[in-house]
Amino acid sequence: MTTLPLTPPWPLVGRADELGKVTGLLSSPHTRGIVISGPTGAGKTRLAHEAWEWAGRRGHPVVRAAATRASRSVPLGALAPLLSPRPQDRVALPVRRLRPAKGLEQHRPVILIDDVHLLDDASAELLRPLLASGELLLIATTTAEGGRGTTGGRIAEDLHPVNLRPLSGKVVQSLLEDVLRGPVERRTTRHLHGASGGRPLYLKELVTGALTGGELVCETGLWRLAATLAPPPRLVELVRYRLSTIDEPERAVLEDLALCGPDAVIHFPRDVVDSLRAAGLVRTHGSGWEAVAELADPLDGEVLRTTVPVHRSRRILLTRAERTEAGGGPADAELLRSTLWRLDAGAAVPPERLTVAVELARAVNDFPAALRLAGALVRVRPDALSHLLLGEFRHACGCPEDAEQALARALELATTPDERLLGVVLRTQNLAQGLLRTGEAFEVNAAELRNARDLAIQAALRANEASLWTLIGDIDRAGALLESVAAEGGDRSALIAAVPRVYCLSEAGRPDEALAAADRRRERPECARADSVAHPALLQSAGARALAEAGRLKEAESLAHQAYDHAVDTRAVTAQIRSATDLGWICYLQGSMTRARYWFASAVSCSRDQGFLSGLWAGLAGRALVDAVTGHLEDSDDAWAEARRMLPDQWQRPECLLVEAWRTAALGRLGEARAMLRTGVQSAAGTGLLTLASHLLFDIVRMGDAHGAQTELTELANRCPNPFIALRARTARALAADAGDELERCAEEAESIGALLVAAETWTAVAGAHTASGAHRKAARCRAEAERLAAHCGASTPGLTPHAVRDSLTGREMEIALLAASGLGNAQIAEQLALSVRTVGNHLQRVYSKIGIRNRRLLREALRQQPLLPGRA
């Protein structure tokens, strides 16, 4: 676990507009003062202190005071520390004691008062004339409600208001990365943002507590929550202090909302709700009979639930359930909620009602609730259907080992063809995706298919087999099976085929058809049902992958982010892992290696926690690839060694050769790397992975053999209606012909679609072509473009090495130069290449001489291998 000292204060992030408004008001001679309002923990005191310090730096005399509940009962209690011991001076003292420095007479004294609504009457009366006359500037903070009706609240009404809203998720992400000094997993950011309500004080306490308790850890350079987030004691005490002043009727309403969630305002005393809303503890939305009350702060609910005695908790839950169920039966959403309340209260729930509730939880994508209800159902009715539901949601929530136990038991208990079909589909998906036991998954599906007599069941099993072939990389077999499944059908087979169909078409070089298939499936009513094999986030992520392969990279990243966030919000861990790996690949295609590594690392961490092995393999392979492309070979070695140990017998995906090739290229052995890619092309083309074949062929081009790959790329572009493949083919032909003008158009197009690394490499090639033709000004401009884009990518590829350097070195010299530039010493290089240390040194001296440098320190820059830059995902 990585620990980090969190020294206060945290950076002021996301408040630039508010700080600018405050300092602007303080600069105006017409301003009497500013009052900063907002909910508890929103950062009012911090912003006020920043403004107060700004005023001090500008020459204003500054003092501060704090109004508290205790000082409110004491006349002049808030201002006592500022008063003169001579009674006759007290009234004028705040101004007389705070004289500006000579030459700064126009700078009025500034006083900062926290919680001005708690100001005692005497202090308020002392301040009022000084503010009215303009002799004093006041910076005050108050609650969101402004302390209406109090003396201090009336002072605040005469000041310029600045209202603080909670921080957005994007700002919280930036703040966390500043504080933790590294990237933070998006899921973790969303959890922390939701738990804190976007309030900086609560966020700081949650992060500090999570670091102290070991829940927030840094793994492979990525900060993430490795355990359930719990409010730390300091924050619990802060919330309890806020709640300490409420009376019993108010506490009763808060406990009801904390235990059962939002409810109609008409079910509570209206004056109590109004009082709680004025105190900032409850918020309402809607009007009339439709008005709904809910807790304003999620942390209040966390604390309240721990303080309610068991007997009272049970009474509240059952009362809400009975009230909801009265009057002809509740709607679907209310039936689900009342069932959960009864379970929370420890009451018995009939199995028929639990079954309905599970289906309702699935329909609204509440996977944790569905898993809990399925567990309760198994306890009261341990039949095949109950175990199927339990296994389904264990798989969806990322618990493959537990899912296998439930699904194996479900098949033992199954008595109908439909139960057996659902059991086989769920079990094979869990075996293949969750446990990487692909051979066993095929055997289970094949055995059931041999015994199936019903045509609809046969079609569903063929669709399921197609999904298995898609997973392991045989698109031809998958496509042939999917042809037998009606694309428009609303039956189980079409639902099983929905996600693999999109991936299959995308990997077959037909992204437009893939997108059309995804759109058709999203429009079907059954897609509102979050089935574990066709969760909406899985379909979104598959569509994002198709957009990326069509060269619509910005749209792809946006859609994949939506898929990931939806999966996180519904706790669909399998969909979350798939979305993370797809985001990693999309960022890799963009050339953003920092973000690509971020997403692959996120997939690795989540998959490792859950034991979800296909996601772990994909994340490790992605990390190994990115680390190779960025020149971090030791990290690549570690990730790839673990990934290779996991490979199942039937795993046929040529991505393995893609990783091996780039790892070999990082060692300078470009000919060997191209040979690996050539083998990968044959394998990919032989199984229908035409999109991947285009990637592999273009990587041959990027490694210096445009002549050898241009013909096949052109044939592939003619065969596949894919603009991204067409761009690769045009770029290969232009490189082979050394056509500078055409290369420049290709570079511009690559940049316009967001493929920045390809664009940087192409601009480098354009610069070489212009240099060869004597157009040195054009060459310099193109080199500048290449360096600008390469700085965003953080990659170390052969295509970024200038032609003049590449052409001047022998193969062995380039190999040693690349290894030295990656940070290896002479002894390490000698051991890796089976050479003597002296031979390595001699080669390096020749390299220095040929490319005009004097030492190793300048080698990386000479080869244009840009360092990995810090960035955010």
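Two residues are taken to be in contact when their heavy atoms come within 4.5 Å. By that rule, and setting aside neighbours within four places in sequence, Cys 399 touches Arg 394 and Gln 610. The model behind these contacts is a predicted one. Cys 399 sits in a loop, with α18 (384-396) on one side and α19 (400-413) on the other. With 24% relative accessibility, Cys 399 counts as partly exposed, because the buried class stops at under 20%. Asn 430 lies 31 residues from Cys 399 in sequence, and the C-alpha atoms of this pair are 9.3 Å apart in space.

Stepping back to the whole protein chain, the secondary structure adds up to 44 helices and 10 strands. The C-alpha atoms take up a box of roughly 95 × 80 × 45 Å along the principal axes. There are 873 residues in the protein chain, and 57% of them count as buried. For contacts between residues at least 6 apart in sequence, 68% link residues at least 24 apart. The surface that the protein chain exposes comes to about 35700 Å², with carbon and sulfur atoms supplying 53% of that area. On the charge side, there are 104 positive and 104 negative side chains. The centres of these two sets of charges lie 5 Å apart.

Next comes the nonpolar interior. In soluble globular proteins, nonpolar side chains tend to be buried together. Here the largest nonpolar core has 165 residues. Which of its residues touch the most other members? They are Leu 373, Tyr 588, Leu 625, Val 629 and Trp 662. A second core, separate from that one, has 43 residues, including Val 179, Ala 258, Val 272 and Ala 291. Tyr 588 gives a view of the surroundings within the largest core. Leaving out neighbours within four places in sequence, Tyr 588 is in contact with Met 593, Ala 596, Leu 625, Val 626, Val 629, Trp 662 and Arg 702. Three of those partners, Leu 625, Val 629 and Trp 662, are also on the list of core residues that touch the most other members.

Trp 662 leads on to helix α32, which covers residues 655-666. This 12-residue helix reaches 17 Å from its first C-alpha to its last, close to the expected 16 Å. Helix α32 is mostly covered, with 10 of its 12 residues buried. Trp 662 is one of the buried residues, and others among them are Cys 656, Leu 658, Val 659 and Ala 661. The buried set also takes in Glu 655 and Arg 663. Just after α32, Gly 668 has a positive phi of about 90 degrees.

Arg 702, another contact of Tyr 588, belongs to helix α34 (residues 690-702). Helix α34 has 13 residues and reaches 18 Å from first C-alpha to last, close to the 18 Å expected. Since 13 of its 13 residues are buried, α34 is largely enclosed by the rest of the structure. A glycine with positive phi follows here as well: Gly 704, just after α34, has a phi of about 105 degrees.

Positive phi also turns up away from glycine. Thr 220, in the loop between β6 (216-219) and β7 (222-225), has a phi near 50 degrees. Its relative accessible area is 36%, so Thr 220 is partly exposed. Asp 738 is not a glycine either, and its phi is positive at about 55 degrees. Asp 738 lies in the loop between α36 (723-737) and α37 (740-753), and it is partly exposed at 45% relative accessibility.

Two more helix residues round out the picture. Pro 298 is part of helix α13 (residues 298-307) and is partly exposed, with a relative accessible area of 38%. Neighbours within four places aside, Pro 298 is in contact with Gly 194 and Ala 195. From Pro 298 to Ala 406 the C-alpha separation is 34 Å, across 108 residues of sequence. Leu 126, in helix α5 (residues 121-132), is buried, with a relative accessible area of 10%. The C-alpha atoms of Leu 126 and Arg 501 are separated by 76 Å, the two residues being 375 residues apart along the chain.

Terms used. Residues are numbered from 1 along each chain as its sequence is written. This is a predicted model: local features need pLDDT of at least 70, side-chain atom pairs count only at pLDDT 80 or more; totals for chains, interfaces and linings use all residues. Side-chain values use heavy atoms; hydrogens and water are left out. Helices (H or I, at least four residues) and strands (E, at least two) are DSSP runs, numbered from the N terminus. Buried means under 20% relative accessible area, exposed over 50%, partly exposed in between (1.4 Å probe, protein chains only). Accessible areas come from the Shrake-Rupley method with a 1.4 Å probe; for residues, only the protein chains shown count as cover. Lys and Arg count as positive and Asp and Glu as negative; His and the chain ends are not counted. The place of a charge is taken as NZ of Lys, CZ of Arg, CG of Asp or CD of Glu. The expected span of a helix is 1.5 Å times one less than its number of residues. A nonpolar core is a set of buried Ala, Val, Leu, Ile, Met, Phe, Trp, Tyr and Cys residues joined through side-chain atoms within 4.5 Å.
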